[in-house]
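Okay, thanks for making time, everyone. I'd like to walk you through one model today, so let's get it up on the screen.

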There are 2 protein chains.
Amino acid sequence: MDLKTLSNHLGLSKTTVSRALNGYPDVSLATRTRVREAAERLGYRPNPVAQALQSGRAQAIGLVLPTGPGEFGDPFLLALLTGAGKELQADGLDLMVSAAAPGDDELAALDRMISKRRVDGVIVVRTRADDPRIHLLLDRDFPFVAQGRTREPRPYPFLDVDGVEAFERATTTLIELGHRRIALIGGEPHLAYATHRRQGYEAAMAAAGLRIDPDWRVEARQTREAGFEAAKTLIALRPRPTAILCNTDTQAVGCLAAIAEAGLTAGVDVSVIGHDDLPLASVTSPPLATMAQPLPELGARLGRMMLQRLAGKPASELQELWTAAYVPRASAGPAPPDDRTRRQPSQIR
Amino acid sequence: MDLKTLSNHLGLSKTTVSRALNGYPDVSLATRTRVREAAERLGYRPNPVAQALQSGRAQAIGLVLPTGPGEFGDPFLLALLTGAGKELQADGLDLMVSAAAPGDDELAALDRMISKRRVDGVIVVRTRADDPRIHLLLDRDFPFVAQGRTREPRPYPFLDVDGVEAFERATTTLIELGHRRIALIGGEPHLAYATHRRQGYEAAMAAAGLRIDPDWRVEARQTREAGFEAAKTLIALRPRPTAILCNTDTQAVGCLAAIAEAGLTAGVDVSVIGHDDLPLASVTSPPLATMAQPLPELGARLGRMMLQRLAGKPASELQELWTAAYVPRASAGPAPPDDRTRRQPSQIR
DNA sequence: ATGTTGATCCAAACCGGTTTGGTCGGTACA
DNA sequence: TGTACCGACCAAACCGGTTTGGATCAACAT
């Protein structure tokens with residue numbers, strides 16, 4: 001059922017039928033309703049491809065999924081994607097997804113997507129500190145919104161969860177539990193969020209008047225194994241840190257394993273807090289305390305920001321910073337009674 | 001840079017340029033190379049929207065993500081999506097994703113997708129025993145491939161992992177470890193794969209000459225909580241089953257929790273095997289033995305099957321059954337020395 | 001000299017919509 | 001009575017490609 005068939009059927013011109021369906025006032029009300037009823041009855045659906053060709057807009061937005069091993073872990077992305085997809089669908093936009101490993105492939109996939117003109121905008125997820133995708137999109141002046149911030153002087157629309165605030169709060173929580181020797185397994189500095197979280201940790205320690213021993217601040221990749229190794233080093237320190245903050249849950253899981261392997265109990269001897277609230281965080285032993293991001297809502301907001309961007313809202317007005325929620329679980333407990341460290345100095349003297 | 005501009009630039013007609021680029025033999029070799037070079041040099045890219053309108057093919061395939069809470073767990077879907085996406089991309093097809101909760105929404109999303117004609121085919125994931133999506137697609141004669149089988153007499157293309165074989169093997173593995181009282185936390189019967197897995201369990205037990213106590217076979221929803229409750233019931237039985245097979249890892253995680261709560265040790269007092277090898281399976285305590293599916297390969301194959309389907313390969317030749325891999329982990333150990341059951345009957349007599 | 005054939009190239013139609021720039025008849029106003 | 005204006009409708013152009021059905025011309029055959 002196409003427009004020509006429908007208009008023949010009604011004894012009207014294509015023009016009039018088209019304009020009737022689109023609610024133009026230069027079609028009489030009577031005709032308008034007659035056309036609409038017929039369209040409804042005959043199940044007429046305008047061909048979006050033809051509309052796209054005419055309007056120059058694809059009625060779709062793109063999303064390149066970084067599919068590298070690990071990093072955030074997949075549940076993160078799918079929740080984001082779902083949230084964004086539903087929001088866009090409500091406005092009649094489809095979601096076009098392309099999967100590529102971070103790096104050249106990813107950039108090529110993005111390039112292909114925008115030069116094919118099959119999408120009107122793209123959503124960039126898991127931004128990195130210095131993100132070539134952001135450069136590409138800004139250079140080409142292609143509409144986009146990013147999940148996360150990068151080092152980029154030009155203003156662009158983003159939605160991020162405040163890593164500084166999150167780790168400030170996580171650190172403060174530990175301090176309130178009586179911890180003083182708090183260590184950090186940070187992420188690699190090329191990840192923007194890793195830098196922010198480290199800053200939050202440092203700020204909270206400073207605010208509480210606590211010194212950070214240089215040994216307490218280590219960097220590790222976003223894998224379980226890296227978390228395991230980093231934690232082993234931290235646990236071996238004397239005096240031993242009583243709490244470890246991990247850049248992500250993935251690292252934290254490795255950290256828990258290292259604690260168990262050392263014959264210690266997480267949440268009792270050493271407290272651990274992660275970030276992301278991955279599904280696995282609730283099944284570790286002990287369950288992992290963590291900072292949670294409202295992923296579906298983040299996705300939905302990203303979708304809506306994309307719509308606003310396409311509607312012409314300036315980038316500078318589309319920058320939001322959300323707050324993570326602390327999810328208390330058994331891995332974060334009160335600081336152990338701290339006799340060892342008090343005695344040690346006197347023994348040395 | 002559109003075709004008209006390019007042809008003006010070359011002093012040729014649109015027709016000739018188009019045919020040159022598409023390699024038609026009625027353009028002289030000299031012209032053909034000249035056109036191709038110019039196109040390359042000027043960065044000409046045909047507008048896929050215009051091509052789609054003309055050819056009637058959208059050069060995209062669709063995928064409706066069921067986003068209901070739980071069931072398989074998200075990592076499953078994302079891996080599948082990635083695998084399929086890469087395969088399709090290699091053939092120039094894009095992947096259009098729409099997220100909807102299973103049920104009416106999902107069907108509506110699917111309907112919208114195919115009647116909008118923005119996709120040439122769809123991939124159906126997580127099929128259910130009696131799947132309305134399959135009915136819809138077969139009724140409309142719309143090309144699709146399904147991940148999983150359903151009760152449907154008409155032939156259609158599918159790729160499934162053999163649940164019968166998987167649980168037959170899991171059961172046999174437990175029998176070889178010395179287990180005799182093996183229980184099953186099955187899935188709801190409307191899930192096709194749950195039925196298959198139950199059959200595999202029953203077949204292996206029968207083949208080993210072991211009777212299945214009716215109490216050992218329970219059904220539970222695909223959630224951690226349901227697995228927890230079901231396991232509690234099983235653990236309370238006397239004589240107690242020494243092994244529990246769970247329809248999915250999600251249930252198995254709940255099962256492990258119930259075992260721990262009863263003061264028992266999984267893998268020692270009661271062995272547990274799950275299915276899916278979700279990421280969290282390796283961090284439970286003890287780590288969860290499970291049947292793993294090669295998700296990225298499954299996705300890739302689904303993508304290729306879709307291409308073959310569109311190329312006209314008949315449905316009956318596009319039906320594949322793959323085999324899951326057993327991932328041994330500490331939750332499945334040898335059967336405990338079984339003195340209690342031997343004595344109990346003598347006491348009763 | 002007149003067809004025939006094959007190699008090249010092209011104008012126009014087409015895909016299915018939307019937009020432009022009208023026409024046509026009737027009413028309002030000078 | 002002439003004309004300005006308005007409401008309702010429509011033919012044709014357009015979006016950017018591909019396909020159809022020629023046109024042109026040189027070489028070759030009759």
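Let's start with a helix pair in chain A. H2(A) and helix H3, residues 29–42 of chain A, pack at an angle of about 90°, and their axes are 9 Å apart. Angles of 65 to 115 degrees count as roughly perpendicular, so that's what we call H2(A) relative to H3(A). Who makes the contact? From H2(A) you've got A:Thr16, A:Val17, A:Ala20 and A:Leu21, and from H3(A) there's A:Thr31, A:Arg32, A:Val35, A:Arg36 and A:Ala39. By type, the residues of that contact split into 5 nonpolar, 2 polar and 2 charged.

Before I go on: this is a predicted model, so everything I quote is computed from it.

Zooming out for a second, the domain assignment divides chain A into domain 1 (3–54), domain 2 (60–161 + 307–323) and domain 3 (163–294 + 327–347). Taken over C-alpha atoms, the centres of domain 1 and domain 2 of chain A are separated by 36 Å.

Right, on to the DNA, strand C to begin with. There are 26 residues around DNA strand C, and the ones that come nearest are A:Leu3, A:Ser18, A:Tyr24, A:Gln54 and B:Thr15. Of the atoms of strand C that come within 4 Å of the protein, 58% belong to sugar and phosphate.

Which elements supply at least two residues each of the surface near DNA strand C? Those are helix H2 (14–21) and helix H4 (48–55) of chain A, together with helix H2 (14–21) and helix H4 (48–55) of chain B. H2(A) gives the most to that surface, with 4 residues. In terms of residue type, the surface near strand C has 8 nonpolar, 13 polar and 5 charged.

A few individual contacts on strand C. A:Gln54 has a polar side-chain atom 2.8 Å from a base nitrogen. For A:Asn47 it's a backbone N or O atom, lying 3.4 Å from a sugar or linking oxygen of the strand. And from the other chain, a polar backbone atom of B:Ser28 is 3.2 Å from a phosphate oxygen of DNA strand C.

Now strand D. Again we have 26 residues around the strand, and here A:Thr15, B:Leu3, B:Ser18, B:Tyr24 and B:Gln54 come nearest. Sugar and phosphate make up 59% of the strand D atoms that come within 4 Å of the protein.

Two of the helix-pair residues come back here. A:Thr16, from the H2(A) side of that contact, has a side-chain N or O atom 2.9 Å from a phosphate oxygen of DNA strand D. A:Thr31, from the H3(A) side, puts a polar side-chain atom 3.0 Å from a phosphate oxygen of strand D. As for the bases, a side-chain N or O atom of A:Thr15 is 2.6 Å from a base nitrogen of DNA strand D. The largest share of the surface near strand D, 4 residues, comes from H2(B).

Last bit: backbone geometry. Most residues other than glycine have a negative phi, and most peptide bonds are trans. A:Asp277 isn't a glycine, but its phi is positive, about 55°. A:Asp277 sits in the loop between E9 and E10 of chain A. A:Pro286 is placed in the loop between strand E9 (271–276) and strand E10 (289–292) of chain A, and the bond joining A:Ser285 to A:Pro286 is cis, with omega about -5°. In chain B, the peptide bond from B:Arg238 to B:Pro239 is cis, with omega near -5°, and B:Pro239 is in the loop between helix H10 (224–236) and strand E8 (243–246).

That's me done, thanks.

Technical notes. Residues are numbered from 1 along each chain as its sequence is written. Chains are lettered from A and ligands numbered from 1 in the order in which they are written. This is a predicted model: local features need pLDDT of at least 70, side-chain atom pairs count only at pLDDT 80 or more; totals for chains, interfaces and linings use all residues. Side-chain values use heavy atoms; hydrogens and water are left out. A residue is near a molecule or strand if one of its heavy atoms lies within 4 Å of it. A polar contact is a pair of N or O atoms within 3.5 Å; within protein, one must be able to donate a hydrogen and the other to accept it, and residues adjacent in sequence count only if both atoms are side-chain atoms. Ala, Val, Leu, Ile, Met, Phe, Trp, Tyr, Cys and Pro count as nonpolar, Asp, Glu, Lys and Arg as charged, and the others, Gly among them, as polar. Axes are lines fitted to C-alpha atoms, for helices over the stretch in contact, and angles run from 0 to 180 degrees between N-to-C directions. Angles under 35 degrees count as roughly parallel, over 145 as roughly antiparallel, 65 to 115 as roughly perpendicular and the rest as oblique. Contact means heavy atoms within 4.5 Å. Domain bounds come from an automatic or database domain assignment.
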